Amino acid sequence: MRIGELARRSGVSTRSLRYYEQQGLLSSERTPGGQREYAESAQDRVERIQELFAAGLCSAKIATLLPCMRDADGGPAEPDGALVADLMVERDRIDRMIGDLQRSRELLDDVIEAASAEVAAP
């Protein structure tokens with residue numbers, strides 16, 4: 001499929017897709033006219049890349065991780081001890097962020113409760 005079709009299917013801009021290629025996260029073949037042509041599996045790859053960016057990973061970490069992830073067809077991943085250790089650090093960072101967000105939400109709930117009581121008081 002061409003870059004515009006992949007962008008449409010994945011909801012990612014063509015600019016982002018070109019960036020993913022530049023960073024070694026995605027690959028394409030070139031037509032005789034020089035246009036990018038992607039395999040059908042590229043859509044799954046782009047979705048994984050998006051999920052990993054959303055989790056806070058940088059493109060260099062994603063480039064290291066992608067070859068180790070299971071394909072959409074369930075194909076096996078190659079284990080890498082150093083990568084697993086790095087990913088555990090990332091998971092711990094995300095856990096801390098979740099904890100911080102939960103504490104912020106609890107504080108906000110307390111403020112809302114106090115403000116609501118003040119508004120309801122005669």
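# Burial, core and salt bridges in a predicted model

Biologist: Is cysteine 68 buried or exposed?
Modeller: The relative accessible area of cysteine 68 is 18%. Buried means under 20% relative accessible area, exposed means over 50%, and partly exposed lies in between (1.4 Å probe, protein chains only). By this rule, cysteine 68 is therefore buried.

Biologist: What kind of model is this?
Modeller: Residues are numbered from 1 along each chain as its sequence is written, and side-chain values use heavy atoms, with hydrogens and water left out. Local features need pLDDT of at least 70, side-chain atom pairs count only at pLDDT 80 or more, and totals for chains, interfaces and linings use all residues; the model is predicted.

Biologist: Where does cysteine 68 lie?
Modeller: Helices (H or I, at least four residues) and strands (E, at least two) are DSSP runs, numbered from the N terminus. In these terms, cysteine 68 lies in the loop between H4 and H5.

Biologist: Which residues does UniProt list for "domain: HTH merR-type"?
Modeller: The listing comes from an unreviewed UniProt entry. Its positions are given in the numbering used here, feature names are shortened, and annotations may be inferred rather than shown by experiment. The residues listed for this domain are 1-68.

Biologist: How far apart are the end C-alpha atoms over residues 1-68?
Modeller: Over residues 1-68, the chain is 54% helix and 6% strand. The C-alpha atoms at the ends of this stretch are separated by 25 Å.

Biologist: Which residues touch the most other members of the largest nonpolar core?
Modeller: A nonpolar core is a set of buried Ala, Val, Leu, Ile, Met, Phe, Trp, Tyr and Cys residues joined through side-chain atoms within 4.5 Å. The largest such core has 20 residues. Those that touch the most other members are Leu6, Leu17, Tyr20, Leu26, Tyr38, Val46 and Ile62.

Biologist: Which helices each supply at least two residues of this core?
Modeller: Helix H3 (42-54) is one of them. The full set is H1 (3-10), H2 (14-22), H3 and H4 (59-65).

Biologist: Which helix gives the most to this core?
Modeller: The top contribution is four residues. The helix that supplies them is H3.

Biologist: Which residues does tyrosine 20 contact, leaving aside its neighbours within four places in sequence?
Modeller: Tyrosine 20 lies in helix H2 and counts as buried at 4% relative accessibility. Contact means heavy atoms within 4.5 Å. With those neighbours left aside, the partners of tyrosine 20 are Val12, Leu25, Leu26, Val46, Ile49, Gln50 and Phe53.

Biologist: What separation do the C-alpha atoms of leucine 25 and isoleucine 49 have?
Modeller: Leucine 25 lies in the loop between H2 and strand S1 (29-30), and leucine 25 is buried, with a relative accessible area of 1%. Along the chain, leucine 25 and isoleucine 49 are 24 residues apart. Their C-alpha atoms are separated by 7.6 Å.

Biologist: What is the N to O distance in the salt bridge of arginine 9 and glutamate 40?
Modeller: A salt bridge is a side-chain nitrogen of Lys or Arg within 4 Å of a carboxyl oxygen of Asp or Glu. The side chains of arginine 9 and glutamate 40 meet in such a bridge, with an N to O distance of 2.7 Å.

Biologist: How many residues apart are arginine 9 and glutamate 40?
Modeller: Arginine 9 is in helix H1, while glutamate 40 is in the loop between strand S2 (36-37) and H3. The pair links distant parts of the chain, and the two are apart by 31 residues.

Biologist: Which helix holds both arginine 103 and aspartate 100?
Modeller: The side chains of arginine 103 and aspartate 100 meet in a salt bridge at 2.4 Å, N to O. The two residues are three residues apart, about one turn of the helix, and that helix is H5.

Biologist: Which residues do salt bridges that share partners join into one network?
Modeller: Arginine 9 and glutamate 40 are among them. The full network consists of Glu5, Arg8, Arg9 and Glu40.

Biologist: Which residues make the nonpolar surface patch of about 380 Å²?
Modeller: Patches are made of residues with over 30% relative accessible area and no salt bridge: like charges are joined within 9 Å, and nonpolar side chains (Val, Leu, Ile, Met, Phe, Trp, Tyr) within 5 Å. Areas come from the Shrake-Rupley method with a 1.4 Å probe, and for residues only the protein chains shown count as cover. Valine 111, found in helix H5 (residues 81-120), is partly exposed at 47% relative accessibility. The patch is made by Leu107, Leu108, Val111 and Ile112.
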